[in-house]
Amino acid sequence: MDCRRCGSPLERPGDYCLVCNAGNCDAVVVVFERDRAELTMLDGDDIVGRTALTTVPEDDPEARTVELRNFAGRVADDIRRKRPETVFAAGDRAVLRETRAQLHHEFYRIAADDPVERVLERRGERSLEVVETAPREKLGGSHSTLIGGRSGRQAIGVVADHPHVKKIVPGPIDAGGTGSRTGLRAKVTRAGDNGNLRLLLRDGSSVQENRVVTTAMDRETGEFVREDLNDALAEAELREE
């Protein structure tokens, strides 16, 4: 690909031109799989280039951690070469999270169904904003007690760690139910019209409903956050079926 301004050859599609100091894309859409990342470079409503990076996941857990970090680093380096205003990302959460941690660009998570087309359709609309607040500072409200002890705090921490969660407001505890299951279980329920969610914590016969305020702007985008949170709770072995 050549620079769209001065015609100088670029090493990779969408790269920032160091000859005339001009950008060749204003956004990058990244679709992550565990062993592959496909980058699509956009300039306005035009697709100016695509590229893909791959990796081979390791079997050994320790080696896999290093391999994941290195793969995310390669993706982050390729994005930096473009100097985009915005990065949109979808797909594998582990690679996405590690890549985001290595970047300082505006970084928005989008739904995985045809993400490039989704971004093109929604250019100019508000996307899911990333919340930079520390997870421990997202807990608020008049009720501070959580059921489940350490497991309850872990579930809240999993939800608070999500980049599209702004605040968690604990609700009152209902201890009048009946239940034989031991151990805390958690589930995020269907989004409301405003994109906010409910986190249900169950511990034996006790139930607590906690309000989750997100950056989603409607039910559709709220459902995306809900699915992501329930996946994270399942990974933490806290998910209620």
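**Close-ups of a sheet and some cysteines**

**View 1. Five strands line up in an open sheet, in the order β3-β2-β1-β4-β5, with mixed pairing.** Keep in mind that this is a predicted model. At the edges of the sheet sit β3 (46-54) and β5 (106-109), and each of these pairs on one side only. Going from one strand to the next, the twist averages 20 degrees. If you're new to sheets, here's the background: strands pair through backbone hydrogen bonds, and they can do that either parallel or antiparallel.

**View 2. Here's a closer look at β4 and its edge partner β5, which pair in the parallel sense.** Strand β4 covers residues 86-91, and four bridges link β4 with β5. Look for T86 to get your bearings: which residue in β5 does T86 stand opposite? That's E106.

**View 3. C3 and C20 have sulfurs 3.7 Å apart.** Why is there no bond here? To count as a disulfide, two cysteine sulfurs have to be within 2.5 Å. The closest cysteine sulfur to that of C3 belongs to C20, and at 3.7 Å the gap is too far for a bond. Is C3 buried or exposed? C3 is buried, because its relative accessible area is 5%.

**View 4. C25 is another cysteine that is in no disulfide.** For C25, the nearest cysteine sulfur is the one in C3, and that is 11 Å away. C25 counts as buried too, because its relative accessibility is 6%. So how many disulfides does the 2.5 Å rule give? The count comes to zero.

How values were computed: Residues numbered from 1 in each chain as written. Predicted model: local features only at pLDDT ≥ 70, side-chain atom pairs only at ≥ 80, totals over all residues. Heavy atoms only, no water. Buried < 20%, exposed > 50% of the residue type's maximum accessible area, 1.4 Å probe, protein only. Pairing = 2+ DSSP bridges. Helix = DSSP H or I, 4+ residues; strand = E, 2+ residues; numbered from the N terminus. Axes fitted to C-alpha atoms, helices over the stretch in contact; angles between N-to-C directions.
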